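Please take a moment with the sequence and the model below before reading on. The paragraphs that follow lead from the chain as a whole to its interior, and then to its surface.

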Amino acid sequence: MSHQTPSAALASAAPTTARRLLRSAGMSLLFALLLWAAAAAGRIPIPGTPVGITLQTFVLMLAALSLDWREASGAVVLYLLAGAAGLPVFSGGMSTLALVGPSAGFLFGFLPGVIVASLLKGKARGTGARGTGARGYWLTAARYFGASLVGCVVIVYAFGVSIQAMLTHVPLSAVALASLGFAGGDLLKAVVASAAVSGLSSRIARDAK
């Protein structure tokens, strides 16, 4: 019977920890780049508001549902820091000025929004006593949809609308009404993101058995 010394156990655990940290950093960087790509893809203007529709909230939902809250928040922090450093990563090719413009609230809302959504999603139940097959998929999808809705829509909108109203001196009710133009698209994004990620989670769970 062999016993590892504490130093030997630490030495054997070090490569695993390093790989895990490297993977987490890589996933954060990947989703930061995806947020940049979603902004670069262009936006659809909404009458009554200077903020347009982009795919960024969809990427935010995918990050929240696919990563843990540290990795997801790391992606948003990297993205915001890139813009603050002067890189044209925000919608319309903007950089630092976007962080003090009408869309600033939505950008800053990304961080608390992705953290809350990632924490609310819980763990996938693709297999198990009460979550096998189709039932498990739909339970997970419903939970993921709720998490996306609360974190990446309600919280992001709360930051975006309130800060836009403050910066533009437009009544909060008017900004909120104009921002309803985003709601339909974001609901659809939440449905697609939750369905896709819950399906992937269920498949991984089945393959791991």
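**A walk through the chain**

Of the 209 residues in the chain, 39% are buried, where buried means under 20% relative accessible area, exposed means over 50% and partly exposed lies in between, computed with a 1.4 Å probe and with protein chains only as cover. The model is a predicted one, in which local features need pLDDT of at least 70 and side-chain atom pairs count only at pLDDT 80 or more, while totals for chains, interfaces and linings use all residues. Residues are numbered from 1 along each chain as its sequence is written, and side-chain values use heavy atoms, with hydrogens and water left out.

The chain has seven helices and two strands, and these are DSSP runs numbered from the N terminus (helices are H or I with at least four residues, strands are E with at least two). Read from the N terminus, the order of the elements is α-β-β-α-α-α-α-α-α. Among the contacts with a separation of 6 or more, 70% join residues 24 or more positions apart, a contact being heavy atoms within 4.5 Å.

What does the interior look like? The largest nonpolar core has 37 residues, of which Tyr79, Phe90 and Leu107 touch the most other members; such a core is a set of buried Ala, Val, Leu, Ile, Met, Phe, Trp, Tyr and Cys residues joined through side-chain atoms within 4.5 Å. At least two residues of this core come from each of α1, α2 (56–66), α3 (69–84), α4 (104–120), α5 (133–168) and α7. When residues up to four places away in sequence are not counted, phenylalanine 90 touches Ala39, Tyr79, Leu80, Gly83, Ser95, Ala98, Leu99 and Leu107.

Helix α2 is mostly covered, since eight of its 11 residues are buried, including Gln56, Thr57, Leu60 and Met61. Met61 is also a contact of alanine 190, which touches Phe145 and Ser148 as well, leaving aside neighbours within four places in sequence. Alanine 190 has its place in helix α7 (residues 183–208) and, with a relative accessible area of 0%, is buried. Although alanine 190 and phenylalanine 58 are 132 residues apart in sequence, they are 7.1 Å apart in space, C-alpha to C-alpha.

The structure also holds five aromatic pairs, which are Phe, Tyr or Trp rings (the six-membered ring for Trp) with centres within 6.5 Å, called stacked if their planes are under 30 degrees apart, edge-to-face if over 60 and tilted otherwise. Phenylalanine 106 and tyrosine 157 form an edge-to-face pair, 6.3 Å from centre to centre and with 80° between the planes. Because phenylalanine 106 lies in helix α4 and tyrosine 157 in helix α5, this pair ties together parts that are 51 residues apart in sequence. Phenylalanine 106 is buried at a relative accessible area of 9%, and tyrosine 157 counts as buried at 14%. Ring pairs link these two residues with Phe182 into a cluster.

Turning to the surface, the chain exposes about 11,200 Å², of which carbon and sulfur atoms supply 73%, with areas taken from the Shrake-Rupley method. Leu29, Leu33, Trp36, Leu78 and Leu87 form a nonpolar patch there, with about 430 Å² of accessible area together; patches are made of residues with over 30% relative accessible area and no salt bridge (a side-chain nitrogen of Lys or Arg within 4 Å of a carboxyl oxygen of Asp or Glu), where nonpolar side chains (Val, Leu, Ile, Met, Phe, Trp, Tyr) are joined within 5 Å and like charges within 9 Å. Helix α1 (residues 6–40) gives the largest share of this patch, three residues. Leucine 33 lies in helix α1 and counts as partly exposed because its relative accessibility is 45%.

Key
Accessible areas come from the Shrake-Rupley method with a 1.4 Å probe; for residues, only the protein chains shown count as cover.
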